[in-house]
Amino acid sequence: MPPIPGSGLAKGLAVTLRTMTKRTVTAQYPDVQPELPPRTRGVIGLFEENCTVCMLCARECPDWCIYIDSHKETVPPAAPGGRERSRNVLDRFAIDFALCMYCGICIEVCPFDALFWSPEFEYAETDIHELTHERDKLREWMWTVPEPPALDPGAEEPKEIAAARKTADKLQAQEAQAAQEAQAAQEAEQSRPGQAPEEEGQE
């Protein structure tokens, strides 16, 4: 069946009339901050204590917008007779948000949970060169990262938590067994035959 002439125009006018009857809602930004979705990709926060300078984030970044500098320090042995070790110390961690395309690959590949999404979005600058933010600014954004949502009650327990609980249960069982053995040895010592009480020995 061929379309009725003018039906498209009628549909467009109907949409216009429906929109005209609705109340206009204006976002009062910046006086009123918007309610952002929980998984908003604003900026990237850095938890510096977890960073081991493995360089995975910089290598996997498709825009090459992550700049990392570090140096090595010698760590004295933990026990006498041990050998010294070297560890990487972070000197610089910067992200050029003029190049970043917010793909989130750096956060996904970080094996030590040092990078997180922050919902902050007010970081505009008048100069494009000032969009390269150093680790101090990234650390400030870290404290704006929201808490992760609660797990689904029917979801499988994370492997990290299961492994930690298994280790804790094993240690607790070993401590309980050691306490039982110590108590049994003490009872056996007290009930050993051929030992006279102290008072009888004095008599």
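Strands here are DSSP runs of E with at least two residues, numbered from the N terminus. Keep that in hand for the exercises below, and remember that this is a predicted model.

**Exercise 1. Place leucine 90: which strand is leucine 90 in, and is leucine 90 buried or exposed?**

Start with the element: leucine 90 sits in strand β3. Next, check the cover. Buried means under 20% relative accessible area, and leucine 90 comes out at 11%, so it counts as buried. Now look at who does the covering. Setting aside residues up to four places away in sequence, leucine 90 touches Glu48, Cys51, Val53, Ile68, Asp69, Ser70 and Arg135. To finish, try a long ruler: from leucine 90 to valine 25 you cross 65 residues in sequence and 48 Å in space, C-alpha to C-alpha.

**Exercise 2. Stay on the strand and go to aspartate 96. What does the side chain of aspartate 96 make a polar contact with, and how far away is the nearest side chain of opposite charge?**

Aspartate 96 belongs to strand β3, which covers residues 85-96. Take the charge first. Aspartate 96 is buried but has no salt bridge, and the nearest side chain of opposite charge, arginine 92, is 8.5 Å off. A salt bridge here needs nitrogen and oxygen within 4 Å. Then take the polar partner: the side chain of threonine 132 is in polar contact with that of aspartate 96, at 3.4 Å. Finally, fill in the surroundings. Beyond its neighbours within four places in sequence, aspartate 96 is in contact with Cys65, Tyr67, Leu131 and Thr132.

**Exercise 3. Go through salt bridges: how many does the structure hold, and which residue does arginine 92 pair with?**

The count is 5 salt bridges. Let's walk through some of them.

- *Arginine 92.* Its partner is glutamate 134, with the closest N and O atoms 3.0 Å apart. Arginine 92 is in strand β3 and glutamate 134 is in the loop between β5 (132-133) and α4, so the pair ties together parts that are 42 residues apart in sequence. Both ends are partly exposed: arginine 92 at 28% relative accessible area, glutamate 134 at 33%.
- *Glutamate 49.* This side chain meets arginine 139 in a salt bridge, 2.8 Å from N to O. The pair links distant parts of the chain, 90 residues apart: glutamate 49 is in the loop between β1 and α2 (56-60), while arginine 139 is in helix α4 (residues 135-142). Arginine 139 counts as partly exposed, at 23% relative accessibility.
- *Glutamate 140.* Here the partner is lysine 137, at 3.7 Å from N to O. The two are 3 residues apart in helix α4, so about one helical turn separates them. Glutamate 140 is partly exposed at 47%, and lysine 137 is partly exposed at 34%.

**Exercise 4. Set serine 118 beside leucine 36. Is serine 118 buried or exposed, and which residues make a nonpolar surface patch with leucine 36?**

Serine 118 lies in strand β4, residues 115-118. Its relative accessibility is 0%, so serine 118 counts as buried. Outside its neighbours within four places in sequence, serine 118 is in contact with Thr40, Arg41, Gly42, Val43, Trp141, Thr144 and Val145.

Leucine 36 is in the loop between α1 (7-21) and β1 (43-46). At 35% relative accessible area, leucine 36 is partly exposed. Patch residues need over 30% relative accessible area, and the patch itself joins Leu36 with Tyr29 and Phe121, giving about 270 Å² of nonpolar surface.

Key: Residues are numbered from 1 along each chain as its sequence is written. This is a predicted model: local features need pLDDT of at least 70, side-chain atom pairs count only at pLDDT 80 or more; totals for chains, interfaces and linings use all residues. Side-chain values use heavy atoms; hydrogens and water are left out. Helices (H or I, at least four residues) and strands (E, at least two) are DSSP runs, numbered from the N terminus. Buried means under 20% relative accessible area, exposed over 50%, partly exposed in between (1.4 Å probe, protein chains only). Lys and Arg count as positive and Asp and Glu as negative; His and the chain ends are not counted. A polar contact is a pair of N or O atoms within 3.5 Å; within protein, one must be able to donate a hydrogen and the other to accept it, and residues adjacent in sequence count only if both atoms are side-chain atoms. Contact means heavy atoms within 4.5 Å. Patches are made of residues with over 30% relative accessible area and no salt bridge: like charges are joined within 9 Å, nonpolar side chains (Val, Leu, Ile, Met, Phe, Trp, Tyr) within 5 Å. Accessible areas come from the Shrake-Rupley method with a 1.4 Å probe; for residues, only the protein chains shown count as cover.
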